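Here's a quick tour of the model below, written for someone who likes to check atoms and distances. Have the viewer open and follow along.

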Amino acid sequence: MSRTGAVDPVQARYASWLEWGTRAGFLLLVAGFAAYTTGFVPAHVPVDRLPSLWGLPATEFLAQTGIGIGWGWLGLVRGGDMMNLVGIALLASCSLPCLAAVAPLFHARGDRIHAWICALEIAVILLAASGLLAIGH
C-alpha cells in the first residue's frame, strides 16, 4: 500500500491470483481427502498395507507401491490416496501464475528489471520442477 492508501496494481493482481490459487488448492485437498477417507475413490495403496510399508526406505516404498519417482504420481491420481497430491502441487505452484500475471504490469510501467526477475523466477521454478537437475537417481 502506498502512502496515500492506494493499493499498487501489481500487488493487487498478485494477491488476487494468489487468493484464487490457494482457494482452489485447498478445495482440491479437501475434496481429495474426503474422497479417500470415505472410500468413495479407492486408494492406490490399500490402507491395510500401509503399516508394513511405512518403515521402508523411500526407494523401496516407491518400488513396492508402484509409484514412480518425480512426476510419476500424476498417472495415479485416480487413486484416492494420490488425489491429495494434486492439491499440494497446485499450492506449491501458486506463485507461477501470479508472477506471470504481474510481469506485464511491471513491463508496462517501464520496470523492466522486475519484469525480468519475474521471468527468471518462473524459469527457475519450472526447471526445478522438471527434474532435469535431479541428483542421486
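Is A12 buried, partly exposed or exposed? With a relative accessibility of 38%, A12 counts as partly exposed. Keep in mind that this is a predicted model. A12 sits in helix α1, and its C-alpha is 9.4 Å from that of V102, although 90 residues separate the two along the chain.

**Helix α1**

Since A12 has already put us there, let's stay with this helix. Helix α1 covers residues 9–38, which makes 30 residues. From first C-alpha to last, α1 reaches 43 Å, close to the 44 Å expected at 1.5 Å a residue.

Look at the start of α1 and you'll find D8: one of its side-chain oxygens comes to within 3.1 Å of the backbone nitrogen of V10. At the other end, just after α1, G39 adopts a positive phi of about 80 degrees.

Which residues of α1 are buried? They are V10, G21, G25, G32 and A35. The cover over these buried residues includes α4 (80–92) and α5 (95–108).

Now for a part of α1 that faces outward. F26 belongs to helix α1 and counts as exposed, because its relative accessibility is 51% and the cut-off is over 50%. Together with L27 and V30, F26 makes a nonpolar surface patch of about 310 Å².

**The view from α4**

The covering works in the other direction too: what covers the buried residues of α4 includes α1. Those buried residues of α4 are G80, D81, M82, N84 and G87.

N84 deserves a closer look. This residue is found in helix α4, and its relative accessible area is 16%, so it falls under the 20% cut-off and is buried. What does N84 touch, leaving aside residues up to four places away in sequence? The answer is L29, G32 and F33. G32 is also one of the buried residues of α1, so if you want to see a buried residue from each helix in contact, N84 and G32 will do.

**Salt bridges**

How many salt bridges are there? The count comes to two.

One of them pairs R109 with D8, whose side chains meet at 3.0 Å, N to O. This pair links distant parts of the chain: R109 is in the loop between α5 and α6 (112–130), while D8 is in the segment before α1, and their positions lie 101 residues apart in the numbering. R109 is partly exposed, with a relative accessible area of 45%. D8 is partly exposed as well, at 22%. D8 is thus a residue to click on twice: its side chain meets R109 in a salt bridge, and a side-chain oxygen of D8 also reaches the backbone nitrogen of V10.

The other salt bridge joins E19 and R23, with the closest N and O atoms 2.7 Å apart. Here both partners lie in helix α1, four residues apart, which is about one turn of the helix. E19 is partly exposed at a relative accessible area of 35%, and R23 counts as partly exposed at 47%.

**Two residues in α6**

H114 lies in helix α6 and is partly exposed, with a relative accessible area of 38%. The C-alpha atoms of H114 and P104 are separated by 9.9 Å, and these residues are ten apart along the chain.

W116 also lies in helix α6. Is W116 buried or exposed? At 60% relative accessibility, W116 counts as exposed. How far is W116 from V7 in space? The C-alpha to C-alpha distance is 22 Å, for a pair that is 109 residues apart in sequence.

**Pairs to check in the viewer**

Here are the C-alpha pairs from above, ready for your distance tool.

| Pair | Separation in sequence | C-alpha to C-alpha distance |
|---|---|---|
| A12 and V102 | 90 residues | 9.4 Å |
| H114 and P104 | ten residues | 9.9 Å |
| W116 and V7 | 109 residues | 22 Å |

Methods
Residues are numbered from 1 along each chain as its sequence is written. This is a predicted model: local features need pLDDT of at least 70, side-chain atom pairs count only at pLDDT 80 or more; totals for chains, interfaces and linings use all residues. Side-chain values use heavy atoms; hydrogens and water are left out. The expected span of a helix is 1.5 Å times one less than its number of residues. Buried means under 20% relative accessible area, exposed over 50%, partly exposed in between (1.4 Å probe, protein chains only). Contact means heavy atoms within 4.5 Å. A polar contact is a pair of N or O atoms within 3.5 Å; within protein, one must be able to donate a hydrogen and the other to accept it, and residues adjacent in sequence count only if both atoms are side-chain atoms. Patches are made of residues with over 30% relative accessible area and no salt bridge: like charges are joined within 9 Å, nonpolar side chains (Val, Leu, Ile, Met, Phe, Trp, Tyr) within 5 Å. Accessible areas come from the Shrake-Rupley method with a 1.4 Å probe; for residues, only the protein chains shown count as cover. A salt bridge is a side-chain nitrogen of Lys or Arg within 4 Å of a carboxyl oxygen of Asp or Glu.
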